[in-house]
Amino acid sequence: MSQAVRLEDDSLWLSLYLQPKASRDQFSGRHGDEMRLAITAPPVAGQANAHLIKWLAKRCRVPKSRVSIIGGETSRHKRVRVVQPREIPAELADLLADSA
């Protein structure tokens, strides 16, 4: 997957490079072909994954059940799918507009 962010059918697909234990949750630019995402949760016992899902669900205004980690469960490199996002965060919308 060469695009960090793409809309396909009813889903938002993200290629993320996660930075756990950050001072705050935020997208922080690109990391090669991925979006860099800093999150406050530590990479311990699935806490970072749970936090990632909750944070993305809130940002996209969907239930947590519509956010799933498709690949990279135990890695910093993650592929995430958001089904039927009601809102696309501005940082991602800008990238989608650039790639269109």
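Start by selecting L16. Leaving out residues up to four places away in sequence, L16 touches F27, E34, M35, L37, L52, L56, R76, H77, K78 and V80; touching, or contact, means heavy atoms within 4.5 Å. Before you click on, know that this is a predicted model, where local features need pLDDT of at least 70 and side-chain atom pairs count only at pLDDT 80 or more, while totals for chains, interfaces and linings use all residues. Residues are numbered from 1 along each chain as its sequence is written, and side-chain values use heavy atoms, with hydrogens and water left out.

**The core**

Keep L16 on screen and add V5 and L56. Of the 25 residues in the largest nonpolar core, these three touch the most other members. A nonpolar core is a set of buried Ala, Val, Leu, Ile, Met, Phe, Trp, Tyr and Cys residues joined through side-chain atoms within 4.5 Å. Buried means under 20% relative accessible area, exposed means over 50%, and partly exposed is in between (1.4 Å probe, protein chains only). Which helix gives the most to this core? Select α1: it supplies six residues.

**Strand β4 and its partners**

Now colour β4, residues 34-38. Strands here are DSSP runs of E with at least two residues, helices are runs of H or I with at least four, and both are numbered from the N terminus. Four of the five residues in β4 are buried. Add β2 (residues 11-19), which pairs with β4 in the parallel sense over four bridges; pairing takes at least two DSSP bridges between the strands. Your old friend L16 stands opposite M35 in β4.

Next, show β3 (residues 26-31). β3 and β4 run antiparallel and are joined by four bridges, with R30 standing opposite M35. Look at the hairpin of these two strands: two residues sit between them, and G32 takes a positive phi near 65°.

Then click A38 in β4. Is A38 buried or exposed? A38 counts as buried because its relative accessibility is 7%. Not counting residues up to four places away in sequence, A38 touches Q19, A22, R24, D25, Q26 and S28.

**A buried lysine**

Hop over to K78 in strand β6 (residues 77-83). K78 is buried yet has no salt bridge, and the nearest side chain of opposite charge, E73, is 6.5 Å away. For charge, Lys and Arg count as positive and Asp and Glu as negative, while His and the chain ends are not counted. A salt bridge needs a side-chain nitrogen of Lys or Arg within 4 Å of a carboxyl oxygen of Asp or Glu. So what does the side chain of K78 make a polar contact with? Select the side chain of N49, at 3.0 Å. A polar contact is a pair of N or O atoms within 3.5 Å; within protein, one must be able to donate a hydrogen and the other to accept it, and residues adjacent in sequence count only if both atoms are side-chain atoms. Also show the backbone oxygen of E73, which lies 3.1 Å from a polar side-chain atom of K78.

**Salt bridges**

The count comes to four salt bridges. Select R6 and E8, whose side chains meet at 2.4 Å, N to O. Then try D10 and R81, which form a salt bridge at 3.9 Å, N to O. D10 lies in the loop between β1 (5-8) and β2 and R81 in strand β6, so this pair ties together parts that are 71 residues apart in sequence.

Finish on R59 and E91, whose closest N and O atoms are 2.9 Å apart in a salt bridge. This pair links helix α1, home of R59, to helix α2, home of E91, 32 residues apart.
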